[in-house]
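Student: Please take me through one part of this fold up close. I'd like to follow the side chains and the packing around them.

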Amino acid sequence: MALHHHLLPTPPSLPLKPSLNPNHLTSALKFLPPLLSLTQTRFRRRRNRACFSEKHHTASPGSNDVVELPLFPLPLVLFPGAILPLQIFEFRYRIMMHTLLQTDLRFGVIYSDTVSGTTDVGCVGEIVKHEKLADDRFFIICKGQERFRVTKLVRTKPYLVAEITWLEDRPSGDVEEDAEELANEVETNMKDVIRLSNRLNGKPEKEVPDLRRNMFPTPFSFFVGSTFEGAPREQQALLELEDTVLRLKREKETLRNTLNYLTAASAVKDVFPSS
């Protein structure tokens, strides 16, 4: 469900660079949405903090208490654990930054585009580093924390403030699928995609490092979703899922489709080396 278009400002300041540093995948993947890049950023388990600026009600993630949260619509999707650098230059969001830096440092990042509007599920971004520039612009680095769902818009000026509820993954109803096994399969597929991509790009073959790094299935599923840069609607669908097994299944299918494409491209390259 999207929030009402007429209540929303245009998407504000854009990120300075992709949310994660893309590695390994080649331009071949640009023709195969939704998977555009894979990264090896390690996710850490998120902290259970929840107090928000402007004297908003506070509550712990997972509680049923109402929480008010400033919102920052962007044409991208932030996942728990992911790092997002931003340059803040629009006046209303400079105001928001001044408030956040004096109070809590946390705000809601929510996906918005001109086609689908602004979604009602987002991720809290916590400012972990900031620099105020001479002309009152800000450079900030934030880290994804808890997911949330917007239940009501409280204010639209000078920036959005909404009542939100927390989202947490529920135990899967599919007892036949093991999340741990699925996570291992997804990691294997990611490594295969990286290997084939390197081969297509003429890079020397080398061992693909550990991508999962002992992450539990749920944070690993968020990490995998964050690597699907360039396909924000698919990322948004993954963010909104409240079942780790379903999220891993969807990611596995995407990776298998990508692997099939790369396998075919590699076969063509072997037959026609100069193509």
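Tutor: Happily! Thr118 has a relative accessibility of 2%, so this residue is buried (under 20% relative accessible area; over 50% is exposed and in between is partly exposed, with a 1.4 Å probe and protein chains only). This is a predicted model, in which local features need pLDDT of at least 70 and side-chain atom pairs 80 or more, while totals for chains, interfaces and linings use all residues. Residues are numbered from 1 along each chain as its sequence is written, and side-chain values use heavy atoms, without hydrogens or water.

Thr118 belongs to strand S5 (strands are DSSP E runs of at least two residues, helices H or I runs of at least four, numbered from the N terminus). Its side chain makes a polar contact of 2.8 Å with that of Ser112 (N or O atoms within 3.5 Å, one able to donate a hydrogen and the other to accept it; sequence neighbours count only if both atoms are side-chain atoms).

S5, residues 117-132, is also one of the strands that the buried residues of helix H1 pack against, and S2, S3, S4 and S6 are the others (contact means heavy atoms within 4.5 Å). Those H1 residues are Tyr93, Arg94, Met96, Met97, Thr99 and Leu100.

Tyr93 leads us to the aromatic rings. Phe72, Tyr93 and Phe107 form one aromatic cluster (ring centres within 6.5 Å pair, using the six-membered ring of Trp; planes under 30 degrees apart are stacked, over 60 edge-to-face, the rest tilted). Phe72 is buried at 0% relative accessibility, and Tyr93 is buried at 0% too.
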